[in-house]
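The following exercises concern a ligand site and its surroundings. Please examine the sequence and the structure before reading each solution.

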Amino acid sequence: MHNLNDPQLLKSFSYINGSWHSSASDIAVNNPATGKLVAKVSNAGIAETELAVQAAKAAFKAWSAKSANERSALLRTWFNLMMANQEDLGRILTLEQGKPLAEAKGEIAYGAAFIEWFAEEGKRVYGDTIPAPSGDKRIVVIKQPIGVVAAITPWNFPNAMIARKAAAALASGCTFVVRPATQTPLSALAMAELAERAGIPAGVFNVVVGDDARGMGKVLTEHEDVAKFTFTGSTGVGKSLISQCASTVKKVSMELGGNAPFIVFDDADIDAAVAGALVSKYRNAGQTCVCTNRILVQEGALVQFTEKFVAAVKDLVLGNGLDEGVTIGPMISAQAVGDVKRLIDDSINQGAQLALGEDDSKLGDSKLGDSFLAPTILTGVTNDMSIAHNEIFGPVSPIISFKTEAEAIAIANDTEFGLASYFYSRDIGRIWRVAEGLDFGMVGINEGLISNAAAPFGGMKQSGNGREGSKYGLDDYLEIKYLCMGGLDQ
Ligand code: SIN
């Protein structure tokens, strides 16, 4: 089915306590490129979510008691299985999410890299000794897994956003319950199948799929037995989940919306800037939190950058992600296309010009449905237009021109978001000034693709809190415990 080498990877039930749970009704998972049914998945709800939390709680004692090396070996086996099944996992991901197959396989490798990274990093959960204020005492700091972790993950990276959280949680000794997006549950369930094959014990990694977002979210955020909650998604939803977590004072980490500026200074290598903007903007059809949202170009470079960028974007091939040669897939839904089209129309009504749009697209072989939006470029955009202050989450590049470095930094920071930012310059003094002046958790300097397992991914301001990946990625899953040993002078 669906040309998978291993059809057993296509699952249709939630995975709770090491077994597959069916429910009374189903959710249809449709291919956004064709609108056709990919698979039906059992529609779990509050009861199954409660079961998953109980399973994670029961499994915590034994899992946290394992040595870091034992957990590492299991995680590495999981990583190996993900990579061995990269082709099938990529195909499942393209079928349910739409991104081109090469990009989907890239996401599998990206997700697996977090599992490999944390398999190693889990061995380095070091404590501390601190000089005590008196001779009869010793101060020791140990770190312990926080307990049951609950997660809600988005449809734009159906594999990697789970892997990034679960790997850190499991490596730290925590157990894990995730509710993946209902549009893309198949990648999550395939990960569960491979976790089971890797020998990860029952109850340690649980996946509950269901469309009762409110009810299941309430269990995951308000349950007394969940110690930590982590979410990737919009800032609006993140805010209400944070407030739900307040009732039990849970530790939370949030990876929320972005409004990334991409600044091109006059002294930049323009070809490099064009290549960086292309990948940063059009990866996943513009549907990532770190996607460039505004391109700011200094006046002296404006004509050259715009001409070259328009030519490069024109070469993207729009189509079904499974078709050969397609480099940009559909958006997640026709509704998402409608939302982005409204932002384009608003910008044009407010005075922007369409430098590239529907009529200029190169198309793949398949007939395109209403989930497709052609890569678009708008010029003459100004900072007072609505597109400059909204997360576009689609394949649209608004180009804003500026005169001075100070003006660029001011425009870039004029947003409540603070996730990713990018700039291109060859002036070392400017590089430091701008890097330090940008109020964003991540800064790409002469680089458009900044995400990797070794680096701390996360935002400032209303883009969230906590960091994922890197050595810092374990902190969110660990409690610091201070031991004061007294009476040592007798
Ligand atoms: C996201 O869009 O939330 C994640 C993007 C990434 O990991 O690069």
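**Exercise 1.** Determine where the largest cavity lies with respect to domain 1 and domain 2.

*Solution.* Domain 1 (7–256 + 463–482) and domain 2 (260–456), whose bounds come from an automatic or database domain assignment, each contribute residues to the lining of the largest cavity, which therefore lies between them. On a 1 Å grid over the protein atoms alone, a cavity is a set of points where a 1.4 Å probe fits but cannot get out, and lining residues have an atom within 4 Å of a point. The lining comprises 14 residues, with F157, M161, E255, C289 and F457 nearest the centre of the largest cavity.

The model is predicted: local features need pLDDT of at least 70, side-chain atom pairs count only at pLDDT 80 or more, and totals for chains, interfaces and linings use all residues. Residues are numbered from 1 along each chain as its sequence is written, and side-chain values use heavy atoms, with hydrogens and water left out.

**Exercise 2.** Identify what takes up the largest cavity.

*Solution.* The space taken by the ligand is the largest cavity; a molecule sits in a cavity if more than half of its atoms lie within 2 Å of its grid points.

**Exercise 3.** Which polar atoms of N156, E255 and C289 approach oxygen atoms of the ligand?

*Solution.* Polar contacts are pairs of N or O atoms within 3.5 Å.
- In N156, a side-chain N or O atom is 3.2 Å from a ligand oxygen.
- In E255, a polar side-chain atom is 3.1 Å from a ligand oxygen.
- In C289, a polar backbone atom is 2.7 Å from a ligand oxygen.

Technical notes: Polar contact = N/O pair within 3.5 Å; in protein donor to acceptor, adjacent residues only side chain to side chain. 1 Å grid on protein atoms, 1.4 Å probe; cavity = no way out; pocket = protein on both sides within 12 Å on 5 of 7 lines; lining within 4 Å.
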